[in-house]
Amino acid sequence: MTAPSLSSLFSRGLTRTLLTPHAPEHYARSLGVTLPDDPTGATVVAVDRPVTDVTVLTLRLPAGVERPAPGGALGIGVVIDGVVHRRHYSPVDSAARADGLATIAVRRHPGGAVSEFLWRSAAPGMRLLLGATVGEIALPDARPADVLLVSGGSGITPMLAIASTLAGEGHCGPGGPGRVAWIHYARSVADVPFSDRLRELAPAGVALRMIGTAEEGHLTREHLEQVAPWHAGAQIYLCGPEGLAVGLESVLGAERYADVHRERFSAGTGPVPDGDGGTVTHLTSGVTAHNAGTTLLEGAEAAGLSPAHGCRMGICHTCTAVRVSGATRDLRTGEVDAEPGCRVQICVSAPVGDVEIEI
C-alpha cells in the first residue's frame, strides 16, 4: 500500500504549523510519509566552503516557489535545538536559472547562531524552512540602461545576482542597450567567494573591480570614475556596511545619494522617546500591555509573547506585523506613521499612544 503524501493529509496552513519548530523530516518519519515537494522547505543539495568564513549552499526549491527577483532575498528558517531561527539570504544566481536550484552564501559571524551552525553542520540532504522573499534592491523588470553596483562584504550576493542576470541577457555586451559596472570592497580580494562566477562577467561586458581595503583603502571618487565614468546618469545599487554608505554619500552628495537603491546591513536607531504613553493591544494573542517606552518587539516580549524576529536591527524583515490602528515611530528615521493596516518592523518601531497590532 502506498503511503499518502503529506499534501493529501493537511492543508498548507496546517502543514506550516505542524512543521514548526521541528525539522520537516521529524514529522514525515512519524507519519510514514515522504516530502517530495513540500512547499515550506528547501533541500540542500551541495555545500562548499570556498573561503575561511563563507558557507555556500545550493538549494533545491519546491515546485511553485518563486525565487526572488535578482537582488532580492529568500526567507530561510534553520532549526537549531528545536528552535526555528529565521534569516534572509540573497541567491547569487541569474534570473535565467530555471532548474529549481538556488545558491546562497552565509558569511560566518563569531557567535552567530545560524552562520556558525551552518558552517559546522550544513550537508547535502539537510532541510531548511522557507519564508517570504524580501529585498530593497531587487532589479526591476524594466531594466535600467546604465547600472552601477557598489557593495562590500556579504553585499556581494545580491549584486552577483543582478550582474549575472544583466550579463546573461546581453544587456552590457556588444550591441547591448546599456552599461554595467560593479565595485566590490573586501578586506582582501583573496577573501571574496564565487571567483569562478566573477570571472565570467568581464567577457559579458560587466566592468568589475574588486578592491582589497587593506591595500587600497575605502571608496573614493577616483574608484567610481575609473570603473564608471558615466555614473552620473546611472541607476546605483548599494549593499554593504554603514561605512560604505557614508563614503558613497560623501562622494555623490546628499541629493544624488537620495536616489540610490540601498539594502542595509546595519540599522542605526535612536532611543525610544519618553512620554508617548498609551497601550498596545496585541490582537492575535489578545494581550494588552502598557507602552513602557520600548520597541513593539521588546514590549511584546515583556508581555510574555514570542513574536517572530531575526536581526533586531530592522534589516531582515522577519518581524514585520500589521499595525491595524494607531501610530508608530520608526527609530531609524524618527518619522511617525499612522496609516491603518500598514506593515511595520516591530524591532525598530515604537508605539505612539494607543496602538493595535497583529501580534
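Here are some short exercises on this predicted model, each with a worked solution.

**Exercise 1. Get an overview of the chain**

Find how many helices and strands the chain has, and what share of its residues count as buried.

*Solution.* Start with the secondary structure: there are 11 helices and 17 strands. Next, turn to burial: 47% of the 359 residues count as buried. Then look at the surface, where the accessible area is about 16,400 Å², with 53% of that belonging to carbon and sulfur atoms. Finally, check the contacts between residues at least 6 apart in sequence: 66% of them join residues at least 24 apart.

**Exercise 2. Follow the side chain of arginine 323**

Work out where arginine 323 sits, whether it is buried or exposed, and which polar atoms lie by its side chain.

*Solution.* Step one is to place the residue: arginine 323 belongs to strand β14, which covers residues 320–330. Step two is accessibility. Arginine 323 counts as buried because its relative accessibility is 1%, and the cut-off for buried is under 20%.

Step three is to look for polar partners of the side chain. The backbone oxygen of glutamate 339 is 2.9 Å from a polar atom of the arginine 323 side chain, and the backbone oxygen of glycine 326 is 3.4 Å from a polar atom of that side chain. There is a side-chain partner too: threonine 328 makes a polar contact of 2.7 Å with arginine 323.

Step four sets sequence against space. Arginine 323 and glutamate 339 are 16 residues apart in sequence, and their C-alpha atoms are 8.3 Å apart. Beyond its neighbours within four places in sequence, arginine 323 has contacts that include Asp337, Pro340, Cys342, Val355 and Ile357.

**Exercise 3. Turn to the partner, threonine 328**

Decide whether threonine 328 is buried or exposed, and say which residues it touches.

*Solution.* Threonine 328 also has its place in strand β14. With a relative accessibility of 3%, threonine 328 is therefore counted as buried. Leaving out residues up to four places away in sequence, threonine 328 touches Arg323 and, among others, Leu296, Glu335, Val344, Ser349 and Pro351.

**Exercise 4. See what surrounds helix α4**

Identify the buried residues of helix α4 and the strands that help to cover them.

*Solution.* Begin with the helix, which spans residues 113–121; Val114, Ser115, Glu116, Phe117, Leu118 and Trp119 are buried in it. Now look at the cover: it includes β1 (41–51), β2 (54–60), β3 (73–80), β4 (83–89) and β5 (101–107). For one detail, zoom in on tryptophan 119: the charged end of arginine 49 sits over its ring, 5.8 Å from the centre. A search for aromatic pairs across the whole structure, by contrast, finds 0.

**Exercise 5. Trace the neighbours of β1**

Which strands does β1 join, and in which direction do they run?

*Solution.* Take β2 as the starting point: 6 bridges join β1 to β2, and the two run antiparallel. In this pairing, threonine 43 has arginine 60 as its bridge partner in β2. The two strands form a hairpin, with 2 residues between them. Then move to β6 (residues 127–134), which is joined to β1 by 3 bridges and is also antiparallel to it. Here the bridge partner of glycine 41 is leucine 129.

**Exercise 6. Examine aspartate 53**

Is aspartate 53 buried or exposed, and which side chain makes a polar contact with it?

*Solution.* Locate aspartate 53 in the loop between β1 and β2. Its relative accessible area is 12%, so aspartate 53 is buried. A polar contact of 2.8 Å links its side chain with that of arginine 107. Setting aside neighbours within four places in sequence, aspartate 53 is in contact with Val106, Arg107, Arg108, Trp119 and Arg187.

**Exercise 7. Compare two positive phi angles**

Find the loops that hold aspartate 81 and phenylalanine 194, and decide for each whether it is buried or exposed.

*Solution.* First, some background: most residues other than glycine have a negative phi. Aspartate 81 has a positive phi of about 55° and lies in the loop between β3 and β4. Aspartate 81 is exposed, with a relative accessible area of 77%. Phenylalanine 194 has a positive phi of about 65° and lies in the loop between β8 (179–186) and α6 (195–199). Phenylalanine 194 is buried, with a relative accessible area of 8%.

Methods
Residues are numbered from 1 along each chain as its sequence is written. This is a predicted model: local features need pLDDT of at least 70, side-chain atom pairs count only at pLDDT 80 or more; totals for chains, interfaces and linings use all residues. Side-chain values use heavy atoms; hydrogens and water are left out. Helices (H or I, at least four residues) and strands (E, at least two) are DSSP runs, numbered from the N terminus. Buried means under 20% relative accessible area, exposed over 50%, partly exposed in between (1.4 Å probe, protein chains only). Contact means heavy atoms within 4.5 Å. Accessible areas come from the Shrake-Rupley method with a 1.4 Å probe; for residues, only the protein chains shown count as cover. A polar contact is a pair of N or O atoms within 3.5 Å; within protein, one must be able to donate a hydrogen and the other to accept it, and residues adjacent in sequence count only if both atoms are side-chain atoms. Rings of Phe, Tyr and Trp (its six-membered ring) pair if their centres lie within 6.5 Å; planes under 30 degrees apart count as stacked, over 60 as edge-to-face and the rest as tilted. A charge sits over a ring if NZ of Lys or CZ of Arg is within 6 Å of the ring centre and within 35 degrees of the ring normal. Two strands pair if DSSP finds at least two bridges between them.
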